[in-house]
Amino acid sequence: MHYLDVALERIALSRGDTRVLQGVTWRVRPGERWCLLGHNGAGKTQLLKILAGDVWPAPHPRSRRIYRFGGERLEQPLGLKERIAYVGAERQDKYARYGWNLTVEELVGTGLFNTDIVLQRPDRAGRRRVNAALQRFGLRGLARRRLMRLSYGERRLALIARALVGRPRLLLLDEVFNGLDATHRERLMRVIESLKRSRLPWVLAAHRREDVPDSATHVIVLEQGRVKYAGRRNEAILRRALRYRTLQYCNSEDAPSRRIAILQSPVPATPLLVLRNVDVFVDHHPVLHDINWTLAAGEHWAVLGRNGSGKSTFLKLLYGDLPPALGGHVERAGFARGTHIEEFKRTVGFLSPELQSEQAREDSTVADIVVSGRHASIGLNEPASPGERRAVRRWIEFFGLQDWVERRARELSYGQLRRVLLARAMAASPRLLLLDEPCTGLDASTRAVVLAHLQRLAEAGVQLVMATHHPDDVVPAINRVLRLQRGSALPGAP
């Protein structure tokens, strides 16, 4: 079986006024398995998209992409794109954006024909391949479930199963372990490790050491859009690329984040939130069952559970994006029953993968994205006033975004946009932050800074409710744990 050999020579790329890649020379050969490393904004996702043929590099007479396949040599990926499988957050978000709510079985089946929607049905041999892929990824029990009913992590596994069922000749995986619980991470790692039995070349972008497969043969490290290292796997290189690095804006005694007067929230006399006998249905299917829960003064909660247990649904319920079923009640301190939910939302900070997907599609500047948090809106209906810009300036400084305020969302990496959305969540100086996997897509340095900021906010009186799969992302302020299993609450302890 033939596999793709791809060579890049002196590749450059810009997004808006920002130079993302410059002078990149690199080659991926059959049988090579590459780990792609670099800090947020280094250019990892854009480099994968150039390999996939989804993004065109800046024109230059000395710049080339060379694809070798089955004795042919091409300088454009046209005609070869269907042989390249690319899975990443943006590709996953596209299904929600266009409403392609396929069943898992249909989704995986489209990989046989490299289509996004069902245009033809697989034959008997194709159905066997689909069933084998579903079994391999532990998705057999979800085969008839619609994509939008899956958790974020379950969707990720389904898309990787789709990619592999098409028998690609080059596999590109962009932070694919994000959002996976321990069981699904282990299953995906076993699948990736099993690929070493073939000569299928793959490139996997990662930010965490545990996301680097043992079978990786090579490492490429990007730094500010340039190749810092590309060669055989080297443990010293891995450690340096993935280790914590103190960021200047957080380390300096003169840093803005140290000079800001942090919000001091008054301690409420009554619990901030109370859930009584709450069930939640999504698309007429039960997701949460008989939830009774209270967020009292001084409490900070971690919400834990496997993919599909209902964590994201729980946070959406608290925020008001999902209502309780008849017979259940949500009590919000200071908001009488019947108050429009938008009034409550303007007092709460919220962050989720779906929110990031929506914001990424907006043509807004970083400054306007942060201001939109004061209105709990996607985009702004009218230009931000000078007063609004002054009000959010401290949060822009707090999260170290001063150099990005005029950049557009599309010019930021996934991790950079996550930092912007954290600033957006604080724009209205809320007393409650609801965070769904807040550290997803963050490199080690940025993750350490963000967690330090969250701890500082908690100490200043902002209450946290955060869902995570990584114990290392639970800040010391967390003093309560809610464990969800198949939509039901289990007793837990901090």
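Here are legends for four close-up views of this predicted model.

**View 1. Helices H5 and H6 pass each other at a small angle, roughly 15°.** Look for H5 at residues 152-165 and H6 at residues 182-194. Their axes come within 11 Å. Angles under 35 degrees count as roughly parallel, so that's what we call H5 and H6. The crossing of H5 past H6 is left-handed.

**View 2. Here's where H5 and H6 actually meet.** On the H5 side you'll find Glu154, Leu157, Ile160 and Leu164. Across from them, H6 brings His184, Leu188 and Val191. Sort the residues of this contact by type and you get five nonpolar, one polar and one charged.

**View 3. Tyr95, Tyr98 and Trp100 gather in one aromatic cluster.** The model has nine aromatic pairs in total. One of them is Tyr95 with Trp100: the ring centres sit 5.5 Å apart and the planes meet at 80°. Planes over 60 degrees apart count as edge-to-face, so this pair gets that label. Both Tyr95 and Trp100 are buried.

**View 4. Phe335 and Phe344 make an edge-to-face pair.** Their ring centres are 5.5 Å apart, and their planes stand at 90°. Are these two rings buried or partly exposed? Phe335 has a relative accessible area of 22%, so it's partly exposed. Phe344 has just 6%, so it counts as buried. The cut-off behind those labels is that buried means under 20% relative accessible area.

Definitions and conventions:
Residues numbered from 1 in each chain as written. Predicted model: local features only at pLDDT ≥ 70, side-chain atom pairs only at ≥ 80, totals over all residues. Heavy atoms only, no water. Axes fitted to C-alpha atoms, helices over the stretch in contact; angles between N-to-C directions. Helix = DSSP H or I, 4+ residues; strand = E, 2+ residues; numbered from the N terminus. Parallel < 35°, antiparallel > 145°, perpendicular 65-115°, else oblique. Left-handed = near helix turned anticlockwise from the far one by under 90°. Contact = heavy atoms within 4.5 Å. Nonpolar A, V, L, I, M, F, W, Y, C, P; charged D, E, K, R; others polar. Phe/Tyr/Trp six-rings, centres within 6.5 Å; stacked < 30°, edge-to-face > 60°. Buried < 20%, exposed > 50% of the residue type's maximum accessible area, 1.4 Å probe, protein only.
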